[in-house]
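Me: Please consider the structure shown below. Some questions on its annotated repeats and helix packing follow.

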Amino acid sequence: MKYLLFFFASLFLLSCSTSSEEEKRESSAFFLRGNAKWKEKEYHEAIKWYSEAIEIRPDFSDAYYNRGLVYQILEKNDEALADFTKATELDVKFAPALFKKAEMLQTLQQSEQAATAVELLVKIFPDSAANWTLKGDILLQKADLSGSLSSYERSLALDSTSVETLINKGVVLQEMNEIDLAEAVFKKALKSGKYTDLLNNNLGYLAIQRMQWDLAASYVKKALEKDPKNELYLKNWAKIQAKSSLK
């Protein structure tokens, strides 16, 4: 997963009118120390310095955001969510913080809150493919298949190169029992050369649904060549062996 790290060329960026110039300088210096510790993967030290910056300037939205990212790396998800939420409260158009808040709510399986958060995100920033993909993911988690499909299609209209989004679109079509459409999407994604084992397994599963056992075997065999211990691939291979003459 990628994390956005904010570095400032000036110590006076995002200053607050309620802070003195000295407080701005000191809090920004602590913020930069936090960034340096993050780059060195000294995450607890990074949190310490971000917290120092926040203590001096409680409205330092970027310090909350960066601390939230470090908490996320450490899998302290509740703390991360709290920081992303605070950052968005301080800056309602802080796009990365809005994204991370919705993503973290999804991770914590707070689906309704995640859906509300991502709806605000795409409303404010409708031209981001990543935002629409996240909305699709959240709606898929809520089993809103039509809403999820619509979001993935909106994302792909903005960025047709996203293989991950294309795969997710295929999964939704598969869940909707649109087997032919799902197959076409997976085959298109397969041309990218990415996630070939996953896609071959997905195509194999579609062939299983059609009871095309030889075709299913050819796909799943390719998936197992890439990842021979994958439990899902092995499960599909067992289905094929049980239903066909292959041994």
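Me: How far apart do the end C-alpha atoms of residues 27–60 lie?
Reply: This is a predicted model, in which local features need pLDDT of at least 70, side-chain atom pairs count only at pLDDT 80 or more, and totals for chains, interfaces and linings use all residues. Residues are numbered from 1 along each chain as its sequence is written, and side-chain values use heavy atoms, with hydrogens and water left out. The span 27–60 is 79% helix and 0% strand (DSSP runs, H or I of at least four residues for helices and E of at least two for strands, numbered from the N terminus). Its end C-alpha atoms lie 8 Å apart.

Me: Which annotation covers residues 27–60 and 61–94?
Reply: The end C-alpha atoms of residues 61–94 lie 9 Å apart, and this span is 79% helix and 0% strand. The record covering both spans is an unreviewed UniProt entry; its positions are given in the numbering used here, feature names are shortened, and annotations may be inferred rather than shown by experiment. The annotation reads "repeat: TPR".

Me: Are α1 and α2 roughly parallel or roughly antiparallel?
Reply: The axes of α1 (residues 21–39) and α2 (residues 43–56) come within 8 Å and cross at roughly 165°. Axes are lines fitted to C-alpha atoms, for helices over the stretch in contact, with angles from 0 to 180 degrees between N-to-C directions. Angles under 35 degrees count as roughly parallel, over 145 as roughly antiparallel, 65 to 115 as roughly perpendicular and the rest as oblique. The crossing angle therefore makes α1, relative to α2, roughly antiparallel.

Me: How many nonpolar, polar and charged residues has the contact of α1 with α2?
Reply: Residues of α1 including Phe-30, Phe-31 and Trp-38 meet residues of α2, among them Trp-49, Tyr-50 and Ile-56 (contact means heavy atoms within 4.5 Å). Ala, Val, Leu, Ile, Met, Phe, Trp, Tyr, Cys and Pro count as nonpolar, Asp, Glu, Lys and Arg as charged, and the others, Gly among them, as polar. By class, the contact has nine nonpolar, three polar and six charged residues.

Me: Which residues in α1 meet α3?
Reply: The axes of α1 and α3 (residues 61–73) come within 11 Å and cross at roughly 25°, and the two helices are therefore roughly parallel. On the α3 side, the residues met are Asp-62, Ala-63, Asn-66, Leu-69, Val-70 and Ile-73. Those in α1 are Phe-31, Asn-35 and Trp-38.

Me: At what angle do the axes of α11 and α12 cross?
Reply: Helix α11 spans residues 196–209 and helix α12 residues 213–226, with axes that come within 8 Å. The two are roughly antiparallel to each other. Their axes cross at roughly 160°.

Me: Where does pLDDT stay under 50?
Reply: The protein averages a pLDDT (the predictor's confidence in each residue, from 0 to 100) of 91, and 91% of the residues score at least 70. The stretch under 50 has 49 contacts beyond four places in sequence in the model. That stretch is residues 1–18.
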